Amino acid sequence: MNSFSTQSSCADTNELGSLSAQQALNNMLQAINEKAGDELVPLTEAVDRILAEPIRSTIDVPAHRNSAVDGYAIMQGDLAKADQLSSLLVTGQVVAGHPEHSPLQPGQAIQIMTGAKMPDNADTVIMQEHVERDGQTIRFDARHRAGQNVRQAGEDIQRGEIILAAGIKLSPAQIGLIASLGQAEIRVKAALSVALFSTGDEILNIGEAPREACIYDSNRYSLGAALSKLGCKVLDMGIIPDHPEQLREAFQLAAANADIIFTSGGVSVGEADYTKQILAETGQVDFWKVAIKPGRPIAFGHIDEAVFFGLPGNPVAVMVTFYQFALPCLEKLMGLSQPLLHPNMEVKCSQPIAKRVGRTEIQRGILSQQLDGSWQVKTTGKQGSGILRSMSQANAFIILQHERGPVKAGEYVTVQAFSGLF
Ligand code: AMP
Ligand code: MG
């Protein structure tokens, strides 16, 4: 028989020449560094932005000693002795925002509201509910402690203290914290610019009339939405046909105008997949057979200064590879000091799932809470990498690790929920 050789493919049990998903991600992360510059923005526009410099408190919080309850401010020397009652003269009232300037004298109490500044000399507050009031006199027993119910100045935050480190993604709570310092503008990382295009002679723009043997572009819209949601500035470069010259021009234009380039399609071994050839000429790009389903072919590297991600063409594969590989890379490129939490949890799977050892398989799952409060997951059904409905119906990825074999109903699987609270 004549010699006959084939290439490894995603249909092989043992995918020769494949990188594991973890190796592929590690290689990508090692090859990139933060790219973002910074800019000053109003605090009201800063949620979800990445803090570019640490926030140091310019004030003590609280700024002054104040009462933690509604009650009576007194001097600790006037606390009642054991088994006795203390009787004090109420000389006035302080409410929040209106300080009392004359110092308290022994034998006196001032009625005080929550948050109001403590008068000088006063160091203890007796809760309103714990006194008996008769005209201008209050009486209370010996159960109270010196210093109780008073919030000290600087108790939450001291002046000069770093309260937020650079490189965090700002949450509503952190926006509130910065506001509590009275700061109106903050320095955040500038948005990354991302050039995005689809490739393929068969791909149509939305709004175009349908054509025989063609399909509408969905990748540019799913990726564009995901990138915008992350705060990237998306440069939509449209659809580039499978034509070497046009691809070359598009890559060069993208590299000149963006920090990062995303393409989909054209990275497999198909006849019309020129992307490889052109990228080999224009940049330093590797083509990886990653042991992951869906999403096996991924191209990654640089074109000039721009970081290049060549994701697969299939609409599900493009989203899976975006979230499993590009997202952690974007987090680093954007200047996050720590990856965001995308917590995995182990959840009981209510159905069997076919799985082959030796590659990571990412299924689209529906995670739901049972009547007993426990969580359970099932797949969205058909998992073909062209079936975008499987992504749109899902609320979680089911991550079946490299070494894992088939899943039996009732076994635990790793699940990554799509949504977080903040
Ligand atoms: P390719 O890797 O270019 O061979 O594409 C793999 C499959 O994904 C083919 O069936 C393409 O038609 C499809 N595909 C490629 N790009 C897109 C796109 N932008 N939107 C929807 N489907 C696409
Ligand atoms: Mg193609």
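**Exercise 1. Locate A213 in the chain and describe its backbone.**

Solution. Step 1: A213 belongs to the loop that joins β15 (203–204) and β16. Step 2: its phi angle is near 65°, which is a positive value in a residue other than glycine. Step 3: the structure examined here is a predicted model, and the angle is to be read accordingly.

**Exercise 2. Find two cis peptide bonds and state in which loops their prolines lie.**

Solution. Step 1: examine the bond from V61 to P62; this bond is cis, and its omega is near -5°. Step 2: place P62 in the fold; the loop between β3 (55–56) and β4 (66–67) contains this proline. Step 3: turn to the bond from K293 to P294, which is cis with omega near -5°. Step 4: place P294, which is found in the loop that links β19 (284–293) to β20 (297–303).

**Exercise 3. Describe the secondary structure and the overall form of the chain.**

Solution. Step 1: count the elements; the chain has 7 helices and 26 strands. Step 2: take the extent of the C-alpha trace, which spans about 110 × 50 × 40 Å along its principal axes. Step 3: compare the radius of gyration with that of a compact globule; for 422 residues such a globule would have a value near 22 Å, whereas the chain has 31 Å.

**Exercise 4. Characterise the surroundings of ligand 1.**

Solution. Step 1: identify the site; ligand 1 takes up the space of the second largest pocket. Step 2: list the neighbours; 16 residues surround ligand 1, and those that come nearest are E202, D217, S218, G266 and G313. Step 3: sort this shell by character, which gives 4 nonpolar, 10 polar and 2 charged residues. Step 4: relate the shell to the strands; β14 (193–199) and β16 (215–216) each contribute at least two of its residues.

**Exercise 5. Which side chains have polar atoms at 2.6 Å or 3.4 Å from an atom of ligand 1?**

Solution. Step 1: apply the cut-off for a polar contact, a pair of N or O atoms within 3.5 Å. Step 2: begin with oxygen; an oxygen atom of ligand 1 lies 2.6 Å from a side-chain N or O atom of E202. Step 3: proceed to nitrogen; a polar atom in the side chain of S198 is 3.4 Å from a nitrogen atom of ligand 1. Step 4: add N219, whose side chain has an N or O atom 3.4 Å from a nitrogen atom of ligand 1. Step 5: consider the surface of the ligand; ligand 1 taken alone exposes 480 Å², of which the protein buries 78%.

Conventions:
Residues numbered from 1 in each chain as written. Chains lettered and ligands numbered in written order. Predicted model: local features only at pLDDT ≥ 70, side-chain atom pairs only at ≥ 80, totals over all residues. Heavy atoms only, no water. Near = heavy atom within 4 Å. Polar contact = N/O pair within 3.5 Å; in protein donor to acceptor, adjacent residues only side chain to side chain. Areas by Shrake-Rupley, 256 points an atom, 1.4 Å probe, with all protein chains shown as cover. 1 Å grid on protein atoms, 1.4 Å probe; cavity = no way out; pocket = protein on both sides within 12 Å on 5 of 7 lines; lining within 4 Å. Sits in = over half its atoms within 2 Å of the grid points. Helix = DSSP H or I, 4+ residues; strand = E, 2+ residues; numbered from the N terminus. Nonpolar A, V, L, I, M, F, W, Y, C, P; charged D, E, K, R; others polar. Rg over C-alpha atoms; globule rule 2.2 N^0.38 Å.
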